[in-house]
Amino acid sequence: MKAAFTKLFNCLKPGGKLLFRDYGRFDEAQLRFTNKSRLGDNFYVRQDGTCVYYFEDSELRTLLCGAEGVGESAVGEEPLRGADGTPMSVFSSVQSPIIRTIDDCQGVGFECEECYYIKRQYANRAQKTARYRVWVHGKFKKPL
């Protein structure tokens, strides 16, 4: 992933912005995967053979901005609730960065303007069910 973001960084002019939105950790689709579909941490293969990765906001900031880009989430929303109404305290567990090597600490070179979770509940009135979706939204700027 770092190589892909580095290519995007190099394509942008100074002051250019990268707008990012992708699946967030603990999205309902991720919770439905079985262990047989799991390829790694937050990395799964779908039935059609395509792969999907579920991002953490702190992980994305670390990857794009380096360790200095890690901080609290910009949105103080209520926690997600499970189907039975109990709070899912998943967002407190994903605030710490995942830093595996010194190279990860340096990041690609972006400045973080915003990076947070978008959490939505969609209701299917006909089936009387609800779906809980999570995305990571980010706006990153290439320094001048």
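Contact means heavy atoms within 4.5 Å. Axes are lines fitted to C-alpha atoms, for helices over the stretch in contact, and angles run from 0 to 180 degrees between N-to-C directions. Helices (H or I, at least four residues) and strands (E, at least two) are DSSP runs, numbered from the N terminus. The model is predicted: local features need pLDDT of at least 70, side-chain atom pairs count only at pLDDT 80 or more, and totals for chains, interfaces and linings use all residues. Residues are numbered from 1 along each chain as its sequence is written, and side-chain values use heavy atoms, with hydrogens and water left out.

**Exercise 1. Describe the open sheet and the helix that lies across its strands.**

Solution.
- Step 1: Strands pair if DSSP finds at least two bridges between them. Three strands, in the order β1-β8-β7, form an open sheet with antiparallel pairing.
- Step 2: β1 (17-23) and β7 (111-124) each have a single partner strand, so these edge strands are left without a neighbour on one side.
- Step 3: From one strand to the next, the twist averages 15 degrees.
- Step 4: β7 and β8 (residues 129-141) are joined by 13 bridges; A123 has A130 in β8 as its bridge partner.
- Step 5: Across β1, β7 and β8 lies helix α3 (residues 57-65), which runs at about 150 degrees to β7.

**Exercise 2. Locate the salt bridge between E56 and R25 and state how far each residue is buried or exposed.**

Solution.
- Step 1: A salt bridge is a side-chain nitrogen of Lys or Arg within 4 Å of a carboxyl oxygen of Asp or Glu. The whole structure holds six salt bridges.
- Step 2: In one of them, the side chains of E56 and R25 meet at 2.6 Å, N to O.
- Step 3: E56 belongs to the loop between β4 (51-53) and α3, and R25 to the loop between β1 and α2 (28-32), so the pair ties together parts 31 residues apart in sequence.
- Step 4: Buried means under 20% relative accessible area, exposed over 50%, partly exposed in between (1.4 Å probe, protein chains only). E56, at 2%, is buried, whereas R25, at 22%, is partly exposed.

**Exercise 3. Examine the salt bridges D27 with R133 and R61 with D57.**

Solution.
- Step 1: The closest N and O atoms of D27 and R133 are 2.8 Å apart.
- Step 2: D27 sits in the loop between β1 and α2 and R133 in strand β8, 106 residues apart; both are buried.
- Step 3: R61 and D57 meet at 3.7 Å, N to O. These two residues are four apart in helix α3, and therefore separated by about one helical turn.
- Step 4: R61 and D57 are both buried.
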